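User: I would like to go through the terms used for this model one at a time, asking in each case what justifies the word. Please set the values against the definitions as you answer.

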Amino acid sequence: MKWKKVAYAFALSLFMLVFSFSGAHTAQSYTERVYVSGYGELTVIDPAVPKVVASIKVKGPVRDVSFTEDGRTALLLANGRTTLYMIDTIQNKVMEEINLIGRTDKGMLDRRVWGSAISPDGLKAYAFVTQGEKQTNRFKALPSKIIEIDLKTKEVVRDIEAPYGIHSLQFKKNDPNTLFVWGYDLYTLHTETWKLEKKEEIKNRKDERQGSTNILLLFPRGENTKFNSFPTVTTYPDGRVAEGIGWANLETGAFKIKDFDKEPVGMFSAIIDDQEKYGYVIMNHWYKVNLKNGHVIKDTKPPTGTIYGINMSTDSKKIYLGGGGNDFIVADTDLNVEKIIKTPTDGMDIKVKAIKN
């Protein structure tokens, strides 16, 4: 009997050891990093400390930061909207530069990017461009297009005409062949058939009772969640104007808008939690919102003045703020500030990505 008790105790200890090791392994399966779109650099932050761990130098203001599925490669836009940079997020360095300005038979092809994304496997990039041809004594406007770029050869391999006003591209979750294309309305680009289709009317609605909604989608979300979220302003047929929050399920494409129960004040970016229970929006006010009824649960002032960017930690337990100045802020989900650090430059936006180890 005594031997059985010893054997049982040993087995229990071994089980607890294996369980603890397994839990530790799971906890270390990814590294969370925050990326601030700075001026002349992409600033990398370890939010757990928090501290700046790297400054990746590029030309001009940084925009459109997107990631491969594993997070080990990023793509960003800089250099006056003319150059895409591929970033190694493990070594925190520029891997490649892709300049989209080139020559034609009659002059110079001038392309400007207004939305870009890297494919989940890191082999291709997609960008919405406005473009024109600079000739000797005139500028010839050309149709705006979405272009597909082979990241190995740096060559444009396909293009398709697209409506003016597009400003964001995102891949559908678990579907490497479908891009969500955000403009005045929502489109999908099917990369296998190379067809662009309208998916959701946002500004140009057939049912006038729903009003006409403008969305501010400079900063798409969803790197660590299945939702993209953004501020909205809707004008209704009776003249009423309502500010709110919109979000799209990046797995299903389902689209929702919820107006706030407050007068419009102007917001710049938004995030929602992974349960679709609360939304958070920021600029000169900082809201926590009940997504079921649009009730603003808490309205406070941002801790360092006007803030452009808001995002959420991978585990949805922390709120990160940045942009509009050179502060990075960690808060809890009740809008209580925990830590503030300085970044090397003023910023525009912040992205959060879990990089697989």
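Analyst: One definition comes before the rest: Ala, Val, Leu, Ile, Met, Phe, Trp, Tyr, Cys and Pro count as nonpolar, Asp, Glu, Lys and Arg as charged, and the others, Gly among them, as polar. By that scheme the lining of the largest pocket holds 17 nonpolar, 12 polar and 14 charged residues. The model is a predicted one.

User: Which residues of that lining are closest to the centre of the largest pocket, and what is its volume?

Analyst: The volume of the largest pocket is about 920 Å³. Its lining comprises 43 residues, of which Phe 67, Lys 173, Gly 222, Glu 223 and Lys 353 are the closest to the centre. At least two lining residues each come from strand S1 (30–46), strand S3 (63–67), strand S8 (108–118), strand S12 (168–171) and strand S28 (347–356), and S28 gives the most, with 6 residues.

User: What makes up the lining of the second largest pocket?

Analyst: The second largest pocket has a volume of about 260 Å³. It is lined by 17 residues, and those closest to its centre are Glu 32, Pro 47, Ala 48, Lys 318 and Tyr 320. Two or more lining residues are given by each of S1, strand S25 (318–322) and strand S27 (337–342), with the largest share, 5 residues, coming from S1. Sorted by class, this lining has 6 nonpolar, 3 polar and 8 charged residues.

User: How do you know that S1 and S2 are paired, and in which sense do they run?

Analyst: Two strands pair if at least two bridges are found between them; S1 and S2 are joined by 7 bridges and run antiparallel, so the criterion is met. One of the bridges links Glu 41 to its partner Lys 57 in S2. In general, strands of a sheet pair through backbone hydrogen bonds, either parallel or antiparallel.

User: Why are S2 and S28 called edge strands?

Analyst: The open sheet consists of 3 strands in the order S2-S1-S28, with antiparallel pairing. Strand S2 (51–61) and S28 each pair on one side only, and on that ground they are the edge strands. Neighbouring strands of this sheet are turned against each other by 35 degrees on average, with direction ignored.

User: What makes Ser 37 a buried residue?

Analyst: Buried means under 20% relative accessible area, and Ser 37, at a relative accessible area of 4%, is therefore buried. Ser 37 lies in strand S1, and once its neighbours within four places in sequence are left aside, its contacts are Leu 42, Val 62, Val 65, Asp 346, Gly 347, Met 348 and Asp 349.

User: How is S4 described in terms of burial, and with which strands does it pair?

Analyst: Strand S4 (residues 73–78) is described as mostly covered, with 6 of its 6 residues buried. Thr 73, Leu 75 and Leu 77 point one way, Ala 74, Leu 76 and Ala 78 point the other way, and all are buried. S4 pairs with S3 in the antiparallel sense over 3 bridges, one of which joins Phe 67 to Ala 74. S4 is also joined to strand S5 (residues 83–88) by 6 bridges, again antiparallel, and there Leu 75 has Met 86 as its bridge partner.

User: Why are Asn 79 and Asn 174 given different burial labels?

Analyst: Exposed means over 50% relative accessible area, and partly exposed lies between that and the 20% limit for buried. Asn 79, at 25%, is therefore partly exposed, whereas Asn 174, at 71%, is exposed. Asn 79 lies in the loop between S4 and S5, and Asn 174 in the loop between S12 and strand S13 (178–182).

User: What is notable about the backbone of Asn 79, Asn 174 and Pro 50?

Analyst: Most residues other than glycine have a negative phi, and most peptide bonds are trans. Asn 79, which is not a glycine, has a positive phi near 60 degrees, and Asn 174 likewise has a positive phi of about 60 degrees. The peptide bond from Val 49 to Pro 50 is cis, with omega near -15 degrees, and Pro 50 is found in the loop between S1 and S2.

Conventions
Residues numbered from 1 in each chain as written. Predicted model: local features only at pLDDT ≥ 70, side-chain atom pairs only at ≥ 80, totals over all residues. Heavy atoms only, no water. 1 Å grid on protein atoms, 1.4 Å probe; cavity = no way out; pocket = protein on both sides within 12 Å on 5 of 7 lines; lining within 4 Å. Points joined across faces, edges and corners; volume = space filled by probe spheres on them. Helix = DSSP H or I, 4+ residues; strand = E, 2+ residues; numbered from the N terminus. Axes fitted to C-alpha atoms, helices over the stretch in contact; angles between N-to-C directions. Buried < 20%, exposed > 50% of the residue type's maximum accessible area, 1.4 Å probe, protein only. Contact = heavy atoms within 4.5 Å.
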